[in-house]
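Subject: The structure for you to look at

Hi,

Here is the structure I promised to pass on. Have a look at it first, then read my notes underneath.

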Amino acid sequence: MTRNWWCAMALAAFSFSAMAAGARPTIEELKARPVLDDYESNIVYGYNIVMETQRYAPRYVGSRLNCTNCHLKGGTQPEGFPLNVEGVYPRWRAKNGVRNGLGLRIRDCFLYSLNGVMPPEESPEVQAVAAYIHYLSEGEVIGRPPDRWGVPTLPETGSDPNPARGSVVYKQKCAACHGADGQGTAAAPPVWGPGSYNAGAGMNNVQRVAGFIWANMPLGSERSLTHQEALDVAAFLHIQLRPFDPRTTNLWKLVERIAQAVSSFFGAGKP
Ligand code: HEC
Ligand code: HEC
């Protein structure tokens, strides 16, 4: 009897340590290792790109944002556009009408969210971010969306998103960090203007950005806004000037550039 008990204990202890040994190493553990294999070094590089895009992938970046500004906590925050998404790719996407592999999805965010240049599929940056996403997705089930994927979809409030009301919310609850002119401060990145995401970005969508804001902003007092306040401030962000959608024609770009120059000269676009 006692012998069986000890055997069971020993077995339990053994399987526990085996589990621990097989568990996914943290990024810090990987960074501390003297030698990394090809996959592991790509994970670390990919993590660095997501956290400090400006520093590690500058050749493809046009905005002042880093991936982690939207894919919160390096893509590990549920309902903050988490990046443990490898199991749901490739998937069809209405935005470009083709089956999108993970690589294309990463490249798209460089072009729109970072208002930069689309890196080639084989570029070291895309390969590294793909390795990091693969690492984050360990344990996820292929074909099943991850837990609290994307951002929440806010329910109908019965009142349309209203940018005028949103400008009041912005002044009271956002401007301290993001700046009265939306251009960001040392505490937070820009939310409109030349350093922000462009008009073609997934973030430039009232419903989606409202879900992001409601679940994640104001930083430190998340979920304190009502759904209506989140929708209103999202509508306010939506009408601000930001870089053009790169899919628009050159003539339209020129018109927008002139309009932006004129209005920034007269100080428009400020709350
Ligand atoms: C301005 C905010 C923003 C920034 C910065 C940003 N993204 Fe995104 N990203 C989004 C949004 C919003 C979506 C989902 C939008 C959609 O479905 O259209 C998304 C989707 C993705 C997806 C697909 C995720 C999914 O849920 O299916 C990947 C992968 C991705 N981004 C990678 C990156 C990488 C890598 C960077 C940095 C190089 C980056 N993003 C920077 C906003 C951003
Ligand atoms: C206490 C400071 C703070 C306040 C207040 C705050 N934010 Fe943020 N916000 C941040 C920081 C910091 C980030 C980047 C998050 C990161 O990198 O982890 C961010 C990111 C964002 C983003 C995505 C990145 C970008 O720049 O486009 C949006 C959109 C946003 N905030 C909107 C808002 C809105 C709207 C409010 C008011 C309801 C608000 N924030 C209030 C600090 C703040």
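Below is what I found in it, starting with how far to trust it.

This is a predicted model, so to speak of a local feature I need a pLDDT of at least 70, and side-chain atom pairs count only at pLDDT 80 or more, while totals for chains, interfaces and linings use all residues. Residues are numbered from 1 along each chain as its sequence is written, and chains are lettered from A and ligands numbered from 1 in the order in which they are written.

The pLDDT (the predictor's confidence in each residue, from 0 to 100) averages 91 over the chain, and 90% of the residues score at least 70. Watch out for residues 14-21, though: the pLDDT there is below 50, and the stretch has 0 contacts beyond near neighbours in sequence. A contact here is two residues whose C-beta atoms, placed from the backbone, lie within 7 Å.

Now the domains. The chain splits into domain 1 (26-136) and domain 2 (163-265), with bounds that come from an automatic or database domain assignment. Their C-alpha centres are 23 Å apart. Where they touch, 12 residues of domain 1 are in contact with 15 residues of domain 2. The domain 1 side of that contact has 5 nonpolar, 5 polar and 2 charged residues. For these classes, Ala, Val, Leu, Ile, Met, Phe, Trp, Tyr, Cys and Pro count as nonpolar, Asp, Glu, Lys and Arg as charged, and the others, Gly among them, as polar.

Next, where does ligand 1 lie? Both domain 1 and domain 2 give residues to its shell, so ligand 1 lies between them. That shell holds 25 residues, and Cys67, Cys70, Cys109, Ser113 and Gly202 are the closest (near means a C-beta atom, placed from the backbone, within 6 Å of the molecule or strand). Two helices, α6 (102-111) and α7 (124-136), give two or more residues each, and α6 gives the most, with 4. Helices are DSSP runs (H or I, at least four residues), numbered from the N terminus. By class, the shell has 17 nonpolar, 6 polar and 2 charged residues.

Ligand 2 also has 25 residues around it, and Cys174, Cys177, Ala188, Pro189 and Pro218 come nearest. Its shell draws at least three residues from each of the two domains. The largest share, 3 residues, comes from α9. By class, this shell has 19 nonpolar, 5 polar and 1 charged residues.

Cheers
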